[in-house]
Amino acid sequence: MSALWATPLRLLSSAHLPVSSYLARSPWRTLRTPALPPFESRFEVLTRGFRRLGSRQFYRSFCAGVGGVQTAEIRTDASALDESPRDGLLAFYADHYVVPLPEGHRFPMTKYRATRLLLEGDEQLRDILVTKPAPLAAIDDVCLVHDEGYVQRFISGGLTEKEQRAVGFPWSVEHRQRSLASTGGTVAAMRTVMQGKRRVSANIAGGTHHAFAGHGEGFCVFNDIAVASAICLRDYPTKCNLQTPILVVDLDVHQGNGTSKLFENDDRVITFDMHGAGNYPWKTKTKSNYDIGLPDNTGDEHYLATLAEWLPHLIELHDPSLVFFQAGVDALKEDSFGRLAMTREGLLKRNNMVYSACIERNLPLVITMGGGYSRPSDASIKAHADVYRSAALRYSAVKSRARQTPQ
């Protein structure tokens, strides 16, 4: 591979540009190395002690035991998490932590459990989809990409009012636990595929791509894809590196500004982001390696043609060792915020484009959930379920064909 083709690109576009216009420019950047206590009163005592001491050791000890599920009881070792048949899809979930929200809050928190239950009740997935509760992310791992002070403030309930408003959720113990589990699910899925247990694994949560190093926004506290990528770079350096980087394919309707910012100086992670050009974030957009901004009412035909043009080029150009698919479904025409006017069928074709590209090159794939805000939420829930159902069916079919092929 020539130096030109090995060079990642970080360009910002407000409209769709042909691949050739990106390849004409190739800036180079420098590398950057990158048990809940039984009573609430005890939690309050621990929190006061945490704020007073502010020490990382106290911080880790405090976080190691919080929550209804101890981190020691759910190991993040992929071999412990994947004891099931290897066909289809292993998916982690975080909805065992129920986050209390004020009545009338605009975020559809119930969609996570509803999506999982829809999948678990699907008879055609009985033998090819396994769901497991996500482990809590380790605090040291979260701090690989997030500022320690920010993480400490969130864990202890010490975010300022301004910081809390930017996140979009009121703080609670349940929200803290769910944020750690949402991140932990993506980490566990990454370990599953990087250890060769499966070629695909998923998180029925995550995709929280608006979280930056020192703050959260847009309903995102920790950036699960960034945390999992940083762990992967640390623990699997012979697989994930400059020659064979991680590829993030973010197809949420909103630009993944946090993810692109976190890796703007690290060419071991390539960010491809296809989103609504006129949509949130309006003031905090950042530069991905590739930003494809689509106009309102793009529709299926133009969207799918654009994606079909880009995916093969990305894989050929960068030869990725791991792919993260942020599979938000807020491009759906029924979505309250999306504005791209795609159909459920169009989104299903989008999903299968990503799966086909990864299957063809035998690339490890991690799928995360992302946005979906239809009202009522039924349309988004069905589209979310399609993401995981189609992955389970596609990858189980590949395994079945492999078994039938004569040796």
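Lys261 comes out as partly exposed in this predicted model, since its relative accessibility is 38%. Its side chain meets that of Glu264 in a salt bridge, with 2.9 Å from N to O. Glu264 falls in the partly exposed class too, because its relative accessibility is 25%, and the buried class stops at under 20%.

Lys261 also leads into the strands, as helix 12 covers residues 257–262. Coming out of strand 4, the chain passes through this helix and goes on to strand 5, making a β-α-β crossover that is right-handed. Strand 4 takes in residues 246–250 and runs parallel to strand 5, with five bridges joining the two. At one spot in this pairing, Ile246 sits opposite Val269 of strand 5.

Strand 5 itself, residues 269–276, is mostly covered: eight of its eight residues count as buried. It has another partner in strand 6 (residues 290–294), and here again the pairing is parallel and spans five bridges. Gly276 has Leu294 in strand 6 as its bridge partner. As a rule, side chains in a regular strand alternate between the two faces of the sheet.

Back to the charged side chains: how many salt bridges does a search of the whole structure find? The count is 16. One of the pairs sits inside a single helix. Arg165 and Glu161 are both part of helix 9 (residues 161–167), four residues apart, or about one turn of the helix. Their side chains meet in a salt bridge at 3.3 Å, N to O. Arg165 is classed as exposed because its relative accessibility is 55%, and exposed means over 50%. Glu161 is exposed as well, given its relative accessible area of 61%.

Another pair reaches between helices. The side chains of Arg191 and Asp235 form a salt bridge, 2.8 Å from N to O. This one ties together distant parts of the chain, 44 residues apart: Arg191 belongs to helix 10 (residues 173–194), while Asp235 belongs to helix 11 (residues 224–235). Is Arg191 buried or exposed? Arg191 counts as buried, because its relative accessibility is just 13%. Asp235, on the other hand, is partly exposed, since its relative accessible area is 30%.

Finally, some salt bridges join up into a network. Which residues are linked in this way? They are Asp122, Arg344, Asp386 and Arg389.

Terms used:
Residues are numbered from 1 along each chain as its sequence is written. This is a predicted model: local features need pLDDT of at least 70, side-chain atom pairs count only at pLDDT 80 or more; totals for chains, interfaces and linings use all residues. Side-chain values use heavy atoms; hydrogens and water are left out. Buried means under 20% relative accessible area, exposed over 50%, partly exposed in between (1.4 Å probe, protein chains only). Two strands pair if DSSP finds at least two bridges between them. A crossover is right-handed if, with the strands pointing away from the viewer, the path from the first strand over the helix to the second runs clockwise. A salt bridge is a side-chain nitrogen of Lys or Arg within 4 Å of a carboxyl oxygen of Asp or Glu.
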